[in-house]
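Take a look at the sequence and the structure below. The walk-through starts after them.

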Amino acid sequence: MPHHNQILVTLIKTRKVSYAFSILTLVLASFFAFTIPYIGKISIDRIIDQNAEPQADYVQSVIDFLGGKSYLSENLWISGGLILLTTGLYGLFMYLKDYFSASACESLLRELRNRLFHQIQHLPNTFYSGVDTGDLLQRCTSDIDTLREFLTHQVMNLGRIVILVIVVVPLMLIQDVKMTLISLMLVPLVVIYALHFFGKIKIIFRKVDEAEGELTTIVQENLTGIRVVRAFARQDFENMKFENKNKKYRDLNYQLIQLLSRFWSISDLMCFSQVGLVLIAGSWMVGQEMITMGTFFAFLIYTSMLIWPLRELGKELNETGKAVVAIGRIHEILEQEPELQPQKALKLPQRIKGEIEFRNVSFGYDPEDMILRNLSFKIRAGETVAILGPTGSGKSTLIQLLLRLYDYQQGSILLDNQELKKMNRSEIRSQIGTLLQEPYLFNRTLGENIKFGKKDASDQAMVESAKMASIHQTILAFEHGYKTVIGERGVSLSGGQRQRVTLSRTFLKEPPILILDDTLSAVDTKTEQKILEAMREKHGHSTTLMITHRISCCLQSDRILVLKDGTLDQEGTHESLLRVPGFYQELWNIQMGQKEDFQLDLQKSFPRSLPKE
Amino acid sequence: MSEFQTASLFENKGVWKQLFVMFLLPQKKRFLLLIAVAVIVAGIEATFTIVTKLVIDEVVTHGKDAYLLQYAFIYFGLTVSISVSVFIFILLAGRLSTEMMYHLRKQSFEHLQKLSFSFYDRHSVGWLLARITSDCERIARIIAWGTLDLFWAGPMLLGALMVLLVLNWKLALTVMGIIPVLLVVSLYFKNLILESSRRVRRTNSLLTATYNEGITGSQTSKILVREQENFDEFKVSSEEMHGYSITNTLQASAYFPLVIVTASIGTGVALWIGGEYVIGGLMTLGTLIAFITYTRDFSEPLLHIAEVLTNLQQAQACAERILGLLNVAPEIKDSAELTEQMRRSKTEHVKNNLRIKEIEFKNTFFAYKQDQPVLKDFNIKIPAGKTIALVGPTGSGKSTIANLICRFYEPTKGEILINGIDYRKRSLKWLQSNLGIVLQTPFLFSGTIESNIQYGNLTASKQEIVDAAKMVHVHDLIMAMENGYKTEVEEGGSNFSTGQKQLLSFARAILADPQIFVMDEATSAVDTHTEHLIQKGLSKVLENRTSFIIAHRLSTIRSADTILVIEEGEIKEQGKHEELLQLKGKYHDLYQTQFI
């Protein structure tokens, strides 16, 4: 575990000066906190008390400096003013302490946030495929919040209590040892009880958190799936599901409060007893003339000054456990290797030709379970190739390898006859326009989304690409046109619309290589044909790879590759593949079966037109 | 954000009144008891200082012979009783807050189950979720603990003041001068801090959203080589967060010293004037020390009062949102007469057996937004057991027709009749429990595959579930998984592909054995091979059911009893497959493009 904190230590070290200042100011503040009751004590003993004898000590010199006892007793406002002044100084140094610590902590957190964001942008895909994105998001947000809470509250409170004790207790001892011991008699008991208690209720705290999480999940699923709920008239069932979780959360929460009420009342009993002890014992000692009235007064205040914050110690110390877990979780992200870049990257031309070759490529996300086996094929620059195959045959995987989202394990991939691994990842990606199976749009305006890959594109070009993707008219139909915000806080688009927006985003890049990973599945056939035609016209010179399961798409391609179990099963043009038994022929037959039906339908519909044939 | 201003706190009394009547009145006894205990605690705390004074005066007058034992007993007695009272009052406040939270959530959730889709169209899931989770929590916490604080702090302050007035009214009145100052300073700062905290939270949720996009869109960002720009944009927000957080902390840091300095004016004055009284023999030393202690004690209850007042402002906004939600009347619900009738005759269950003979759209108009009609004077009669296919371009109104049949929305004009009676005169629950719907964007609940299919019919046996799964050819796929039907579905069904989710929700709908079956692009993401298999079994599924099918794949549509070609909310063509082909119209064109 300790190495987890390394990052924290490194970050703290860079703000050494601020932290040193905040400790210094805290020491000063504690000193003044001590002084306030002390002034009260001196006033009572040396000024207000008629029988007080002048003593030969430093206090007397201060009194003499201010005009002597009788002058001060006639002008008691000076004592009052001094209390005000000391309190002011105490407040000032408390403020300064916060000033130094806040700027240090917040800068540290800013640094950590930035590092996390930078990291999640550069982590390899292998990392993302194995993690739960919700959990990852929590690490970047809630865990940072926990850390912030820890740095700005727990550490500060702990520091305040500890330094207060360190500064005040010796000063108390100087005044009267016996009184000090009496004032602190029950303190260890309170601290131990608090530590023990908050250690023990951690479990129930966690249970409450979990119950809350379950409750949230139920509500969230209900709201997201509201159509399903209504479709099956399951409102009562949902109410019951919610009722269970709601009750569970309520009961656990109340259970926690019951425990807390026990803690607060028992610790109240201890703390008030401590104050009572000082009151009775102290006043008895005053009566026995063992201590002065002023000392008694001061100790009465010191006791409450120490005991109440010390009671909180248990809570604060137990909270640090959470922060340790949080920093560990954050560290787990930061310690991941980001995507590796080659030492000396090959310089790619402004625009590559777009020739792609796979040579005996093998790859598996899990080395035990290879997805691609010895895959070899070649695609000429400017060629349009359709890739077919059953689910799990490795179609999408080969795209991921080409984009270097994953690193191939064996064989080689060549781009314009150069080894892919020797190139800079971002340079490869900027040459390839890719449309992923699941279109991803950002929570911005439509225009910004289209220009996402090419920020400096003109509006003219943006509109052109939207027209190509057959989405221009749809966009104009929105009230704010290209300025329409989409996503959670804006307009929601249908699957087909989303696909077409990402399509226009890719078109705008005008890449030498274009990859469509089953991109038009949610677009109707008519629109699909329109888009494909537009693509031919504009991007005829781009090398195009289309993963599809539609025959209509294959008809638009120069060549067809059929994958099966990670190897090349069939290869050829539409005509050549039709003649060989295999996947392609089967697919064709299914769709032709439908077509034959169609022909039959037509014949039935137009019986009189038959004899002409 | 004017709704959060101080001035509005008591303007909107209606909100508090409604909240009080709905959630506190049922717990009246507990609420009153809480107030009583809070007052007792305050009383005891105020008494502590009197004992201190008495002890000191005893020592000053009797010196060595001071008799202190009785005071020790009194003090200890007070200590025990305050501990017991604190125990009771935390329990009571805790009970009040957890109960209130429970009821707020229960009512909101159950109300949401009744609200119509038009309401869901206007509010995002995230927004609604925040109402049920954080708003309910905040209101309950602030009201319960705020009540406790107020009824402790008020009497505490009053008690202290009364004691002071009795001890020495002149000095008491002088010292009391700091109270308004403290209150004004506190309220001013609390508001300032509230504002800046809100800014911090807003920026924080912006950061969360950016992280979320950074994570979920990481692949897209990589492909578009946008990493650096994204990072630069993030840094701007994170810098903002840095600034706002520091401001927020420093405001809170300035507040505390100001309060104690103000309070220490009281202490200073007490020492100055009180000291003079002591020197002049007008006051005992015990009284002086009591005064000084009380002036220190002032600030705490005052701070609590300021805190409660600011929190209430915050709660006001939450309360307005929650009550706003609870006050939305469901647009679609059983009419009052029908509810009354059902209550009297208890016929709801009997009516479940009602067989649908005919569904009719009669001069039906519909618009999601005013002056943007989607359906215009729509007319059709559908005999039971028939399969109706809806064909047409995106946005033509196909899904709207499905939504109207399910009574997710109601016609804005005209009627929809079931067996000749306007369906608004029938029970909503009856209609919807006779529906089976498969949507393009399928939704799975967390739980197992089995429980997800079972959602269609809660009493279905394992065998029936398996049969339904077999019918849509998803059984083999399920069995191929390690845990078979017991495979856990992750949140949002993220461990299944869209096609698989479509198949599972298809099975769920079949299990429901509905009289009306609606498929809205139900198999769009299923691969061609599986789709083909499903087609074969579909006729069996649709037998004896009135079905509405929306699909792009014409193979699904061919066998329908009636095909409606919809464009701009109107039926352009209507008839059987062959008839429509003969027309050589829109349907023919559409069909042609399927095979080029």
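What follows goes from the overall form of one chain to its contact with the other, and then to two sets of strands.

This is a predicted model. Start with chain A as a whole. Chain A holds 24 helices and 10 strands. Its radius of gyration is 38 Å, whereas the globule rule gives 25 Å for 613 residues, so chain A is more spread out than a compact globule. The C-alpha trace tells how far the chain reaches: about 135 × 60 × 55 Å along its principal axes. Of the 613 residues, 41% count as buried. Now consider which parts of the sequence meet. Take the contacts in chain A between residues at least 6 apart in sequence: 78% of them join residues at least 24 apart.

Next comes the partner chain. On the side of chain A, 125 residues are in contact with chain B, and they meet 126 residues there. Which element of chain A gives the most to this side? Helix α13 of chain A does, with 29 residues. Find this helix at residues 235-287. The side of chain A that touches chain B has a mixed make-up: 50 residues are nonpolar, 52 are polar and 23 are charged.

Now turn to a sheet in chain A. Four strands form an open sheet in the order β2-β1-β4-β5, and the pairing is antiparallel. Strands of a sheet pair through backbone hydrogen bonds, in either a parallel or an antiparallel sense. The edges of the sheet in chain A are β2 (372-379) and β5 (418-419), each of which pairs on one side only. Strand β1 of chain A, residues 356-363, is joined to β2(A) by 5 bridges. To find the register, look at A:Phe363: opposite this residue, in β2(A), stands A:Leu372. A helix also packs on this sheet: α15 of chain A, residues 395-402. Helix α15 touches β1, β2 and β4 (410-415) of chain A. The direction of this helix makes about 110° with that of β1(A).

Finally, move to chain B. Here strand β6 (residues 435-438) pairs with strand β9 (residues 516-520) in the parallel sense, over 4 bridges. One bridge partner to locate is B:Phe517 in β9(B), which belongs to B:Gly436. Which way do the residues of β6(B) point? B:Leu435 and B:Ile437 point one way, and B:Gly436 and B:Val438 point the other way. Are these residues buried or exposed? All of them are buried.

Methods. Residues are numbered from 1 along each chain as its sequence is written. Chains are lettered from A and ligands numbered from 1 in the order in which they are written. This is a predicted model: local features need pLDDT of at least 70, side-chain atom pairs count only at pLDDT 80 or more; totals for chains, interfaces and linings use all residues. Helices (H or I, at least four residues) and strands (E, at least two) are DSSP runs, numbered from the N terminus. The radius of gyration is taken over C-alpha atoms; the globule rule is 2.2 Å times the number of residues to the power 0.38. A residue is buried if 20 or more other C-beta atoms lie within 10 Å of its own, exposed if 12 or fewer, and partly exposed in between; C-beta atoms are placed from the backbone. Two residues are in contact if their C-beta atoms, placed from the backbone, lie within 7 Å. Ala, Val, Leu, Ile, Met, Phe, Trp, Tyr, Cys and Pro count as nonpolar, Asp, Glu, Lys and Arg as charged, and the others, Gly among them, as polar. Two strands pair if DSSP finds at least two bridges between them. Axes are lines fitted to C-alpha atoms, for helices over the stretch in contact, and angles run from 0 to 180 degrees between N-to-C directions.
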